[in-house]
Every structure is written in C-alpha cells, then in structure tokens.
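Trainee: I should like to learn how the descriptive terms for a structure are justified. May we go through them one by one?

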Amino acid sequence: MVALAFFRPGLLGFALLLVLLAALGIFDDLRYAKVTTKLLIEASVAVAAVMVGFSWHITDSTILNGGLSILWLVGLTNAFNLLDNMDGLSSTVALVALVG
C-alpha cells in the first residue's frame, strides 16, 4: 500500500476501497454479517469506486455508465462471495480471470 501511494498516488483511493471489501470478507468469515449489511457496504464501495473514476464507458450517458458499473461491481462481488464457501475455489477463479 505504501508503494502504491508513492508510485501511483491516483490509485490509492481504489486500493483503500479494496481493503474495505477485504475487511468485510474477513469479518463475514469470522463472524456472521447480515445480507443487508453486506449489500449496503458493497453498494457503498461500488458507488465510491465510480466516484473515484472506476467506471465503464459503454454509452454516452454518464449516469447510465455509472449505474451499470455499480451493478456490475456489486454483482461480481456477490458472485465471488458465493464461491467463497468452497475452499480455494474463489481464489482459483480469480487467478484464472486475472491470467486470462
């Protein structure tokens, strides 16, 4: 995180949002978090990510692009959360998605 702040300070906000999502996942693994709480935090992080600049540019409408990006981020986060009940499956799918 320190290296990211030094070399790419523009990505520091995005990295903090990822840390927040990781903290939510760890908290949910150690203690039970209600679905509404998780969904509210995930949606808040997705809105913040779009406000930081992490958004698709599919259409000419900024509002539609932001809404689709929020929907995609929350959906993707929940999809990985559903895969998390099987040991190692979520990390394997993330690695395959990263590598291509």
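Trainee: What makes a residue in the lining of the largest pocket count as nonpolar, polar or charged, and how many of each are there?

Mentor: Ala, Val, Leu, Ile, Met, Phe, Trp, Tyr, Cys and Pro count as nonpolar, Asp, Glu, Lys and Arg as charged, and the others, Gly among them, as polar. On that basis the lining has 15 nonpolar, 4 polar and 5 charged residues. Please note that this is a predicted model, in which local features need pLDDT of at least 70, side-chain atom pairs count only at pLDDT 80 or more, and totals for chains, interfaces and linings use all residues. Residues are numbered from 1 along each chain as its sequence is written, and side-chain values use heavy atoms, leaving out hydrogens and water.

Trainee: Why is this space called a pocket, and what is its volume?

Mentor: On a 1 Å grid over the protein atoms alone, a cavity is a set of points where a 1.4 Å probe fits but cannot get out, whereas a pocket is an open set with protein on both sides within 12 Å along at least five of seven lines. Grid points are joined across faces, edges and corners, and the volume is the space filled by probe spheres set on the points. For the largest pocket that volume is about 630 Å³.

Trainee: Which residues lie nearest the centre of the largest pocket, and which helix gives the most to its lining?

Mentor: Lining residues have an atom within 4 Å of a point; there are 24 of them, and Leu18, Leu21, Ala22, Thr77 and Phe80 lie nearest the centre. H2 gives the most, with 10 residues. Helices H2 (12-30), H3 (35-52) and H4 (62-83) each supply at least two.

Trainee: How many helices and strands does the protein have, and how are they assigned?

Mentor: Helices (H or I, at least four residues) and strands (E, at least two) are DSSP runs, numbered from the N terminus. The protein has 5 helices and 0 strands.

Trainee: How do you know that the length of H2 agrees with its number of residues?

Mentor: The expected span is 1.5 Å times one less than the number of residues. The 19 residues of H2 should therefore span 27 Å, and its end C-alpha atoms are 27 Å apart, which agrees. For the 18 residues of H3, 26 Å is expected and 25 Å is found, which also agrees.

Trainee: Why is Asp28 called buried?

Mentor: Buried means under 20% relative accessible area, exposed over 50%, and partly exposed in between (1.4 Å probe, protein chains only). Asp28 has 16% relative accessibility, so it counts as buried. This residue is found in H2, where Ala15, Leu17 and Leu24 are among the other buried residues. Leaving aside neighbours within four places in sequence, Asp28 is in contact (heavy atoms within 4.5 Å) with Ala33, Lys38 and Asn81.

Trainee: Is Ser90 buried or exposed, and what does it touch?

Mentor: Ser90, in helix H5 (residues 89-99), has a relative accessible area of 14% and is therefore buried. Not counting residues up to four places away in sequence, Ser90 touches Phe80, Leu83 and Asp84.

Trainee: What makes the buried residues of H3 line one face?

Mentor: The buried residues are Lys38, Glu42, Val45, Ala46, Ala49 and Val50. Seen down the axis of H3, they fall within an arc of 140 degrees (taken from the directions from the helix axis to the C-beta atoms), so they line one face. They pack against H2 and H4, while Thr36, Leu40 and Met51 are exposed on the other side of H3.
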